[in-house]
Amino acid sequence: MSDQDPGVPADDTGHPVPVPDRVRRVVSLVPSLTESIAATAPGLLAGATDWCTHPEGLDVPRVRGTKNPDVEKIVALRPDVVVGNTEENRPPDVAALRAAGIAVWMTEIRTVGEALASLRRMLELACRLPAPAWLDEAARAWSGADPLDPRRTAIVPIWRRPWMVAGRATFTGDVLARLGVDNLYADHPERYPKIPIGELNAAGADLVVLPDEPYAFSAADGPESFPGSTPVLVSGRLLTWYGPSLAEAPRLLGRALAGAR
């Protein structure tokens, strides 16, 4: 039998979060979540990280990065709730905020399906907002996604010096899989393994999908390292963000992948 108050919602990790009936101030520690809230209720954001670049022109206090948030500044902003993500934010920072009496809602997202469900719960339960139209548009867009036929295989570098790629159970891998591209390292025991460049080139992937974040791969920085594979330069926001960009990601990513020769 659970001792949890049935009136207190639980976040994606099962942690009960005492969110007030009316939420007026939210601090977001993840760019995707910041954009999701700003697109739904712009006046709700009371703070965001230095990396929160969308929507353009967002004018709110900044609280440093996802991995090194300024806990004291966040507390001073008096948020009703702080929203974060288990992959992006560190447990010690979450614990410090909760110890200071701040309600912290953590999302856990590794698939498109989890993203759609988690964002809905966050907006409705943590932010006390009605589900937005863009979230329904995103669900429709992904339900109608047209995967490549035949399917292709890919490696997805996210960093160089050292080379790191998307591995097991990543949101990025699920996005690509739904579009007909299978991550060659999806069965790796690590989620973001370091793989020597020689091994990457010997893996035999059809495509090398190069996003412009977290490492800023570009036509002049990245493709030259993979002479045996077809490079596909894509927007990191479309490939790795779970927010309003979900509504256009299937169409734009699908077009980029289909155009790879």
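Q: Why is Cys-52 called buried in this predicted model?
A: Buried means under 20% relative accessible area. Cys-52 has a relative accessibility of 2%, so Cys-52 counts as buried.

Q: What makes Cys-127 buried or exposed?
A: The same kind of check applies here. The relative accessible area of Cys-127 is 1%, and the cut-off for buried is under 20%, so Cys-127 is buried.

Q: How do you know how many disulfides the structure has?
A: A search of the whole structure finds zero disulfides. Cys-52 is in none, and its nearest cysteine sulfur, in Cys-127, lies 13 Å away.

Q: Why is the sulfur of Cys-127 not counted as bonded to that of Cys-52?
A: A disulfide needs a pair of cysteine sulfur atoms within 2.5 Å. The sulfur of Cys-127 is 13 Å from its closest cysteine sulfur, in Cys-52, so the two are too far apart for a bond.

Q: What makes helix H1 mostly covered?
A: Helix H1 runs over residues 31–40, and eight of its ten residues are buried. Among them are Pro-31, Leu-33, Glu-35 and Ile-37. Each of these falls under the 20% cut-off.

Q: How do you know whether the radius of gyration agrees with that of a compact globule?
A: For 261 residues, a compact globule would have a value near 18 Å; the protein has 19 Å, so the two agree. Along its principal axes, the C-alpha trace spans about 55 × 45 × 35 Å.

Q: How much of the protein is buried?
A: Buried residues make up 50% of the 261 residues.

Note on methods
Residues numbered from 1 in each chain as written. Predicted model: local features only at pLDDT ≥ 70, side-chain atom pairs only at ≥ 80, totals over all residues. Heavy atoms only, no water. Rg over C-alpha atoms; globule rule 2.2 N^0.38 Å. Buried < 20%, exposed > 50% of the residue type's maximum accessible area, 1.4 Å probe, protein only. Helix = DSSP H or I, 4+ residues; strand = E, 2+ residues; numbered from the N terminus.
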